[in-house]
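Me: I am new to this structure and should be grateful for a close look at a single part of it. Please begin with one residue and then set that residue within the whole chain.

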Amino acid sequence: MADVAKVVTVIGQSPESFAKAADVAVQEAAKTLRGITGAGVASRSAVVAGHRMRTYRTTVNIAFALER
């Protein structure tokens, strides 16, 4: 039988970078999800103020194994 995974979408944010925002998303998801097997950044956006990017946001799809 084939393995099956479920995917959830979460949004992480950071004042530092898109990479940090994605890392925050995965770290937070790992607090409630077991067996995370992968993550993919679906989109990026930023909050701009005073002609500068102030907050970086990433929408991340996180895959995890279904438990039997």
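Reply: In this predicted model, the residue chosen is His 51, which counts as exposed because its relative accessibility is 82%, and the cut-off for exposed is over 50%. His 51 belongs to the loop between strand S2 (36–49) and strand S3 (52–65). Its backbone also deserves attention: phi of His 51 is near 65 degrees, a positive value in a residue other than glycine. By way of background, most residues other than glycine have a negative phi.

The two strands beside this loop belong to a simple plan. The chain contains one helix and three strands, and their order along the sequence is β-α-β-β. The radius of gyration of the chain is 14 Å, well over the 11 Å that the globule rule gives for 68 residues, so the chain is more spread out than a compact globule. Along its principal axes, the C-alpha trace spans about 55 × 20 × 15 Å.

The exposure of His 51 may be set beside the figures for the chain. Of its 68 residues, 22% count as buried. The chain exposes about 4,800 Å², and carbon and sulfur atoms supply 53% of that area. As for contacts between residues at least 6 apart in sequence, 65% join residues at least 24 apart.

Charge completes the description. The chain carries 9 positive and 5 negative side chains, and the centres of these two sets lie 9 Å apart. His is not counted in either set.

Definitions and conventions: Residues numbered from 1 in each chain as written. Predicted model: local features only at pLDDT ≥ 70, side-chain atom pairs only at ≥ 80, totals over all residues. Heavy atoms only, no water. Helix = DSSP H or I, 4+ residues; strand = E, 2+ residues; numbered from the N terminus. Rg over C-alpha atoms; globule rule 2.2 N^0.38 Å. Buried < 20%, exposed > 50% of the residue type's maximum accessible area, 1.4 Å probe, protein only. Contact = heavy atoms within 4.5 Å. Areas by Shrake-Rupley, 256 points an atom, 1.4 Å probe, with all protein chains shown as cover. Charge placed at Lys NZ, Arg CZ, Asp CG, Glu CD.
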